[in-house]
Amino acid sequence: MKNLLPLLLFSGLFLTACNQNKEAASEPAAPVTPVQVTYVETNPLSDFIELNAVSSYLQKSYVKANINGYVQFSGAQLGKEVSGHENLFTLITKEARAIGNAVNQLDPGFKFSGISKIRAEQRGFITQVNHQQGDYVQDGEALAVISNRNSLVFLLDLPYELRSVVDQNKNIELILPDGEKLKGTLGGAMPSVDSAAQTQRIMIRVNPSHTIPEGLIAKVRITRTAKSNAQTLPKSAVLANETEDEFWVMKLINDSTAVKVPIKKGIESAQFIEIIDPIFNSKDRIITTGNYGIADTAKVKVDK
């Protein structure tokens with residue numbers, strides 16, 4: 001009996017150890033999330049708004065009749081580009097039209113013709129034609145309207161709260177609907193504000209190589225803030241809560257553990273976000289893929 005007691009005690013200890021090993025084997029291993037990482041970079045970054053600007057010709061000249069009479073000739077066509085001093089209309093008085101050249105036959109030295117030629121005063125293109133050949137017109141009546149080609153501007157309705165950014169955006173770029181880009185310079189501002197929209201009209205002067213139609217809408221980017229050496233991360237690396245008032249990133253502290261690091265973000269672009277605080281080390285590994293939904297101190301595996 002005494003010899004059996006140690007044997008029974010040994011058997012009990014052996015069974016207990018076996019049960020503990022089975023329980024440990026049955027416990028599931030902690031999940032490991034495959035992730036991809038990146039490093040912080042220093043990039044130039046800018047914050048801008050995109051507004052619309054409409055083309056307009058500020059200077060328009062009116063071609064007017066200087067006598068009472070009939071339009072004998074009209075070279076004005078809508079949309080036609082004209083040069084300075086180009087003949088557009090020929091007028092003849094009703095007296096000359098009635099008696100013809102009879103006066104000159106009676107007295108050749110009189111040199112009466114009753115004909116007056118109306119020329120364009122400036123270079124541009126015709127945007128309005130009011131009379132054609134055969135029409136009777138009176139002295140001072142408008143025959144056509146010419147838009148001065150050199151007076152082309154784009155009019156930008158700028159929200160008044162952004163008035164301070166005009167000084168840092170003297171040279172800007174306009175993008176036309178067909179993708180063409182024009183260099184523009186901000187000019188003067190109109191001395192009035194739209195009472196409903198609270199916008200002030202700003203002139204953008206351009207020098208295109210071809211004719212730009214009036215009323216064309218171009219997109220204009222106005223820079224609000226710009227930094228030449230911002231600490232940036234890809235947008236996929238930055239996470240936020242449901243109300244988007246708290247932001248964080250997941251940083252690796254070793255090859256298998258990621259921790260949650262709250263951040264303060266700054267300027268955003270299409271691909272990058274500026275990280276104002278904290279200042280990361282250039283060797284810190286920040287998760288970009290697989291970071292959504294994982295908890296603080298999560299177990300991860302870096303994909304090569």
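The points below concern two sheets and one buried glutamine in a predicted model.

1. In this predicted model, local features need pLDDT of at least 70 and side-chain atom pairs count only at pLDDT 80 or more, whereas totals for chains, interfaces and linings use all residues. Residues are numbered from 1 along each chain as its sequence is written, and side-chain values use heavy atoms, with hydrogens and water left out.

2. One open sheet has 4 strands in the order β7-β6-β4-β9 with antiparallel pairing, where strands are DSSP runs (E, at least two residues) numbered from the N terminus and two of them pair if DSSP finds at least two bridges between them. Its edge strands, β7 (115-119) and β9 (136-137), each pair on one side only. Between β4 (residues 69-74) and β9 the antiparallel pairing extends over 2 bridges, and G69 has V137 in β9 as its bridge partner.

3. A further open sheet of 4 strands, also paired in the antiparallel sense, runs in the order β3-β10-β8-β5, with β3 (60-64) and β5 (81-82) as the edge strands, each pairing on one side only. Strand β8 (residues 124-129) is joined to β5 by 2 antiparallel bridges, and G124 in β8 stands opposite V82.

4. Q231 belongs to strand β15 (residues 217-234) and counts as buried because its relative accessibility is 12%, the cut-off being under 20% relative accessible area with a 1.4 Å probe and protein chains only.

5. The side chain of Q231 reaches the backbone oxygen of P278 at 3.2 Å, and a polar atom of that side chain lies 2.8 Å from the backbone nitrogen of F280. Leaving aside neighbours within four places in sequence, Q231 is in contact (heavy atoms within 4.5 Å) with residues including V40, E41, I273 and I279.

How values were computed:
Buried means under 20% relative accessible area, exposed over 50%, partly exposed in between (1.4 Å probe, protein chains only). A polar contact is a pair of N or O atoms within 3.5 Å; within protein, one must be able to donate a hydrogen and the other to accept it, and residues adjacent in sequence count only if both atoms are side-chain atoms.
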